[in-house]
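Reader: Could you take me through one part of this model closely, setting out the geometry of its packing and of its backbone with the reasoning behind each description?

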Amino acid sequence: MKLLIKNAATHAKLLGFQEDRQLTVNLSIQDDVIELISASRPCGDFDHEIDATGLFLAPGLVDPQVHFREPGQEYKEDITSGSKAAAQGGFTQVVSMPNTSPTADNPDVVAYMKQRSQEVGICKVHPTGALSVGLAGKTLTDFKALKTAGAVAITDDGKGVQDDQLFERALINAKEVDLPILDHSEDESLSNGGAIHLGKVSDKYGIKGIDASSEAVHVARGCQLAAKTHAHYHALHVSTKASIDALREAKAQGFKVTAEVSPHHLLLCDEDIPEKPDGTLDANWKMNPPLRSREDMMACRQALIDGVFDAIATDHAPHSPDEKSLPIEQAPFGIIGLETAFPLIYTHFVKTKQITLTQCIDLMSQQAGALFNIKCGRLIQDSTADIVLLDLDNSFEVSADFFASKSRNSPFIGNKLYGRPVLTINNGKIVFDALTNQT
Ligand SMILES: [Zn+2]
């Protein structure tokens with residue numbers, strides 16, 4: 001199969017050059033690799049030609065944190081529907097969390113996820129292995145066996161690790177097998193079974209709140225133990241100013257500490273949670289960590305601009321409409337995010353000139369992959385043909401039927417955004433195509 005993308009705009013930096021100037025290129029793909037990138041049209045015949053005039057060519061995006069729910073909760077999402085959501089969002093690689101049922105605390109579940117995603121063939125799913133057996137926080141898993149089965153990191157995401165000593169031993173073991181520890185930073189004695197951020201809004205509605213310190217205490221712990229063990233500590237979905245202060249300090253000291261932020265923590269705060277007609281709060285704005293105070297949100301924005309974050313992660317967490325229509329105290333935590341992530345960051349940070357387009361793409365590809373030693377993020381001859389074409393100029397509205405995910409739990413429905421991914425190629429194969437339908 002020979003494929004040609006012609007007349008696409010891109011930046012030289014994304015082709016592996018030092019300078020960051022815009023240029024127009026033609027890119028040919030032979031089977032699953034990029035064959036040639038050139039200013040003029042390459043010679044030869046092609047099975048398929050894509051006219052990318054007016055579109056921006058970028059490497060396939062990488063999401064460091066998704067929940068695909070298979071095995072065990074396929075009514076919310078499965079590896080096929082999750083991969084389709086990823087492809088629609090321009091992602092060709094995702095890192096999946098271990099809180100499936102059964103949990104990915106053993107090599108069999110890890111190997112299953114990897115094999116299943118290869119069979120589906122829409123998006124490369126890199127599983128993580130659980131840090132503790134059954135995510136129960138009591139007994140460490142066999143990190144070496146998990147790595148051999150395909151795990152790219154170790155994490156109990158969905159739950160914070162409450163035992164400090166166990167967490168330190170996890171860092172030591174992870175360093176031995178050269179894997180990062182991804183930390184869902186939550187001290188449960190401080191988060192206290194809350195449903196939303198502890199603050200003005202939780203007070204007003206009489207809802208049990210999650211104190212911001214519950215996250216910062218664990219991020220500070222992670223930074224200190226990273227310094228002590230020299231292991232790679234990665235803070236998942238950072239949401240508070242105090243956590244960011246700890247990360248800034250640890251990074252300045254040169255510790256092996258990385259961190260990610262999610263679009264919702266950059267763009268929404270607790271005051272944005274809407275009231276439903278019955279006067280209660282809408283659980284489609286409920287996730288863990290929760291939407292924080294305005295001050296925390298602004299600190300996340302500043303940290304993104306300052307380069308404190310290494311990557312942007314969706315924390316794509318599908319739940320059924322029935323589950324999300326429960327009262328906010330009872331509804332499960334989490335929102336979907338794959339289909340809206342790039343357009344949200346592009347619209348609110350690149351179009352407004354707070355970060356550059358290449359910074360945005362690097363945060364969502366090369367830098368995200370680097371956390372797990374996944375080489376990606378540059379369109380280079382002979383590299384894997386993972387590509388997305390982005391429509392930066394035309395706006396679109398996020399409607400309920402816009403999503404490829406099985407679930408609809410997004411607080412961004414109704415938003416008008418720019419930067420829609422219109423064509424995604426994974427391993428040289430077109431896995432999402434909105435262009436053919438449009439013309
Ligand atoms: Zn989490």
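Author: Helices and strands are here taken as DSSP runs, at least four residues for a helix and at least two for a strand, numbered from the N terminus. The model is predicted, and the part I shall follow is helix H7 (residues 213-229) with its surroundings.

The length of H7 can be checked first: at 1.5 Å a residue its 17 residues should span 24 Å, and because the C-alpha atoms at its ends are 24 Å apart, the two values agree. Along H7, the buried residues are Ser214, Glu215, Ala216, His218, Val219, Arg221, Gly222, Cys223, Leu225, Ala226 and Thr229.

Two packed helices are described by the angle between their axes and the distance between the axes. For H7 and helix H8 (residues 241-252), the axes come within 8 Å and cross at roughly 10°; angles under 35 degrees count as roughly parallel, and H7 is therefore roughly parallel to H8. On the H7 side this contact is made by Glu215, Ala216, Val219, Ala220 and Cys223, and on the H8 side by Ala242, Ser243, Ala246, Leu247 and Ala250. Sorted by class, the residues where H7 meets H8 are 8 nonpolar, 1 polar and 1 charged.

H7 also packs with helix H4 (residues 164-176), at an angle of about 45° and with the axes 10 Å apart, so that H4 and H7 are oblique to each other. The crossing in which H4 passes H7 is right-handed. H4 contributes Asp164, Phe167, Glu168, Leu171, Ile172 and Lys175 to the contact, while H7 contributes Arg221, Gly222, Leu225, Ala226, Lys228 and Thr229. In this contact of H4 with H7, the classes are 5 nonpolar, 2 polar and 5 charged residues.

The backbone beyond the helix also deserves attention. Most residues other than glycine have a negative phi, and most peptide bonds are trans. Just after H7, however, His230 takes a positive phi of about 60°. Further on, in the loop between strand S13 (233-235) and H8, His237 has a phi near 25°, again a positive value in a residue other than glycine. With a relative accessible area of 2%, His237 is buried, because buried means under 20% relative accessible area.

Asn192, which is not a glycine, likewise has a positive phi, of about 60°, and is found in the loop between helix H5 (188-191) and strand S11 (196-197). At 42% relative accessibility, Asn192 counts as partly exposed.

Key. Residues are numbered from 1 along each chain as its sequence is written. This is a predicted model: local features need pLDDT of at least 70, side-chain atom pairs count only at pLDDT 80 or more; totals for chains, interfaces and linings use all residues. Side-chain values use heavy atoms; hydrogens and water are left out. Axes are lines fitted to C-alpha atoms, for helices over the stretch in contact, and angles run from 0 to 180 degrees between N-to-C directions. Angles under 35 degrees count as roughly parallel, over 145 as roughly antiparallel, 65 to 115 as roughly perpendicular and the rest as oblique. A crossing is left-handed if the near helix is turned anticlockwise from the far one by less than a right angle, and right-handed if clockwise. Contact means heavy atoms within 4.5 Å. Ala, Val, Leu, Ile, Met, Phe, Trp, Tyr, Cys and Pro count as nonpolar, Asp, Glu, Lys and Arg as charged, and the others, Gly among them, as polar. The expected span of a helix is 1.5 Å times one less than its number of residues. Buried means under 20% relative accessible area, exposed over 50%, partly exposed in between (1.4 Å probe, protein chains only).
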